[in-house]
Amino acid sequence: MDTNRPLTLVPPVRLEGYGVRLREWSEADLADLVALYDDPEMARWTPVASPFDLDAARAYLAGAREGRAEGRRIQLAVTTDGGLPRGEVLLFRSGADEQDVELAYGVGPAHRGQGLAGRAVRLAAEHTVREIRPRRVVLRIDAANVASEAVARACAFELTDEPPVRRVSRGREVVLRTWRLRP
């Protein structure tokens, strides 16, 4: 791989495995986006708008399409059958190192506790390694987010000794630890 070239993320139409199907979001999913993201836990751990209403869903979908068109980001609905979105997994070029692909994920409140996040992350990580071939696949997780750290461990990610990454989300600083997919 040419380590000087920027990674271009080209979305798959659909990924399937581990009992989940990942697909692109559509206009028909706007109400489902609201049901997933208008949740205190999503507001706590993600940078999405809060409250998350239909206007926020439209803006979110537009941002997803723009990121995809620019080759910077892929946002996929997590489903079990290709229909009802139960969560989301994102793949994006890392701001810390453009040769890394960062994954992020969330599952809506009605669908938690079913292993969906782990299965979706595993599927997305395998696709990333196989098709995009980044230097590393990483997760950035707040140390207080015990559930996300459990998903990271279950999906063969390990905590690195890198300094925490600081980001601003809705006006407050968050401190994220870096996890990398074990080789």
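I take buried to mean under 20% relative accessible area. I keep that cut-off at hand for these entries on a predicted model.

**Entry 1: ring pairs**

I searched the whole structure for aromatic pairs and found three. I looked at Y37 and F52 to begin with. Their rings form a tilted pair, 5.4 Å centre to centre, with 45 degrees between the planes. I checked where the two partners sit. Y37 belongs to helix 1 (residues 30-37), and F52 is in the loop between helix 2 (40-45) and helix 3 (54-69). They are 15 residues apart, and the pair links distant parts of the chain.

Is F52 buried or exposed? I read a relative accessible area of 2% for F52, so it is buried. Y37 has 5% relative accessibility, so I count Y37 as buried too.

Next I turned to Y37 and Y60. This aromatic pair is also tilted, with 5.3 Å between centres and 50 degrees between the planes. Y60 lies in helix 3, and Y37 in helix 1, 23 residues apart. Again the pair links distant parts of the chain. For Y60 I noted a relative accessible area of 17%. The cut-off is under 20%, so Y60 counts as buried.

I put the rings together. Y37, F52 and Y60 are linked by ring pairs into a cluster.

**Entry 2: a charge over a ring**

I looked at the face of Y18. R122 lies over it, at 5.6 Å from the ring centre.

**Entry 3: the largest pocket**

A general note before the pockets. Rolling a probe the size of a water molecule over the atoms shows where empty space is left.

I looked up the largest pocket. It holds about 1,100 Å³ of space. I counted 45 residues in its lining. W45, T46, P47, A104 and Y105 lie nearest its centre. Which element gives the most to this lining? Strand 5 (residues 100-107) does, with six residues. I sorted the lining by class and got 23 nonpolar, twelve polar and ten charged residues.

**Entry 4: the second largest pocket**

I then moved to the second largest pocket, with about 150 Å³ of space. Its lining is V129, P134, R135, R136, V137, R180, L181, R182 and P183. Strand 6 (136-142) supplies at least two of these residues, and so does strand 9 (172-181). By class I found five nonpolar residues, four charged and no polar.

**Entry 5: strand 6**

I followed strand 6 further. How many of its residues are buried? Seven of the seven are, so strand 6 is largely enclosed by the rest of the structure. I recalled that side chains in a regular strand alternate between the two faces of the sheet. I checked each side in turn. On one side R136, V138, R140 and D142 are buried. On the other side V137, L139 and I141 are buried. Both faces of strand 6 are covered.

I looked for its link to strand 5. The two strands run parallel, and four bridges join them. D100 stands opposite R136 in strand 6.

**Entry 6: G87**

My last stop was G87. I placed G87 in strand 4 (residues 87-93). Its relative accessibility is 1%, so G87 counts as buried. I compared its position with R112. The two are 25 residues apart in sequence. In space, G87 and R112 are 9.1 Å apart, C-alpha to C-alpha.

How values were computed:
Residues numbered from 1 in each chain as written. Predicted model: local features only at pLDDT ≥ 70, side-chain atom pairs only at ≥ 80, totals over all residues. Heavy atoms only, no water. 1 Å grid on protein atoms, 1.4 Å probe; cavity = no way out; pocket = protein on both sides within 12 Å on 5 of 7 lines; lining within 4 Å. Points joined across faces, edges and corners; volume = space filled by probe spheres on them. Nonpolar A, V, L, I, M, F, W, Y, C, P; charged D, E, K, R; others polar. Phe/Tyr/Trp six-rings, centres within 6.5 Å; stacked < 30°, edge-to-face > 60°. Buried < 20%, exposed > 50% of the residue type's maximum accessible area, 1.4 Å probe, protein only. Lys NZ or Arg CZ within 6 Å of the ring centre and 35° of its normal. Pairing = 2+ DSSP bridges.
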